[in-house]
Amino acid sequence: MSRYPYKNLPLKKSEHNNSNFKVKKTVRLGTDKAPAQITVQTEERKQELANIFAENGWVSVIKVDPEQDENIRDLEILQNKQSSAVSTKKANRNDPCPCNSSKKYKKCCGA
């Protein structure tokens, strides 16, 4: 019997998927899955807000109810969001680099 019983076993290769990182996707406000919920008091105000949503490509559900206060909180959130392209993905040292150089992060952008 060999002193090292695991000596001749094949080594497993680590599996790196081409999608680089798996991140939980959050539902963004103003999309089909999460439309902005707006309540207004008049039809004129509804048309005014519908035009704003159409210009920006946001999806909304606008409800007209004269007895409720106007609620445009979701619209304010969408307008105040900065449209920056900041990535929320954080690469670890041994992950493939997010710049798609096919190098490890520590040898490429993390150096």
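Across the protein, the pLDDT averages 79, and 69% of the residues reach a score of at least 70. The structure described here is a predicted model, and its confidence varies between the elements of secondary structure: strand E2, which covers residues 60-64, has the highest mean, at 93, whereas helix H2, formed by residues 73-80, has the lowest, at 87.

The secondary structure of the protein consists of two helices and two strands, and these elements follow one another along the sequence in the pattern β-α-β-α. Of the 111 residues that make up the protein, 16% count as buried. The surface that the protein exposes amounts to about 9,800 Å², of which 47% is supplied by carbon and sulfur atoms. When contacts with a separation of 6 or more are considered, 51% of those in the protein are accounted for by residues that lie 24 or more positions apart.

One such link between distant parts of the sequence can be followed at Val 59, a residue located in the loop that runs between helix H1 (43-56) and strand E2. The C-alpha atom of Val 59 is separated by 5.3 Å from that of Thr 31, although the two residues are 28 residues apart along the chain. Once the neighbours within four places in sequence are left aside, the residues in contact with Val 59 are Gly 30, Thr 31, Asp 32, Pro 35 and Ala 36. With a relative accessible area of 27%, Val 59 is nevertheless classed as partly exposed, because this value falls between the limits of 20% for buried and 50% for exposed residues.

Among the aromatic side chains, the count comes to one pair. This pair is formed by Phe 53 and Trp 58, whose rings lie 6.1 Å apart from centre to centre, with 70 degrees between their planes, and the arrangement is therefore edge-to-face, since angles over 60 degrees are classed in this way. The two partners differ in their accessibility: Phe 53 is buried, with a relative accessible area of 1%, while Trp 58, at 22%, is partly exposed.

No disulfides are counted in the model, the criterion being a pair of cysteine sulfur atoms within 2.5 Å. Two cysteines may be described by their accessibility. Cys 97 has a relative accessible area of 1% and is therefore buried, whereas Cys 108, with a relative accessibility of 26%, counts as partly exposed.

Methods. Residues are numbered from 1 along each chain as its sequence is written. This is a predicted model: local features need pLDDT of at least 70, side-chain atom pairs count only at pLDDT 80 or more; totals for chains, interfaces and linings use all residues. Side-chain values use heavy atoms; hydrogens and water are left out. Helices (H or I, at least four residues) and strands (E, at least two) are DSSP runs, numbered from the N terminus. Buried means under 20% relative accessible area, exposed over 50%, partly exposed in between (1.4 Å probe, protein chains only). Contact means heavy atoms within 4.5 Å. Accessible areas come from the Shrake-Rupley method with a 1.4 Å probe; for residues, only the protein chains shown count as cover. pLDDT is the predictor's confidence in each residue, from 0 to 100. Rings of Phe, Tyr and Trp (its six-membered ring) pair if their centres lie within 6.5 Å; planes under 30 degrees apart count as stacked, over 60 as edge-to-face and the rest as tilted.
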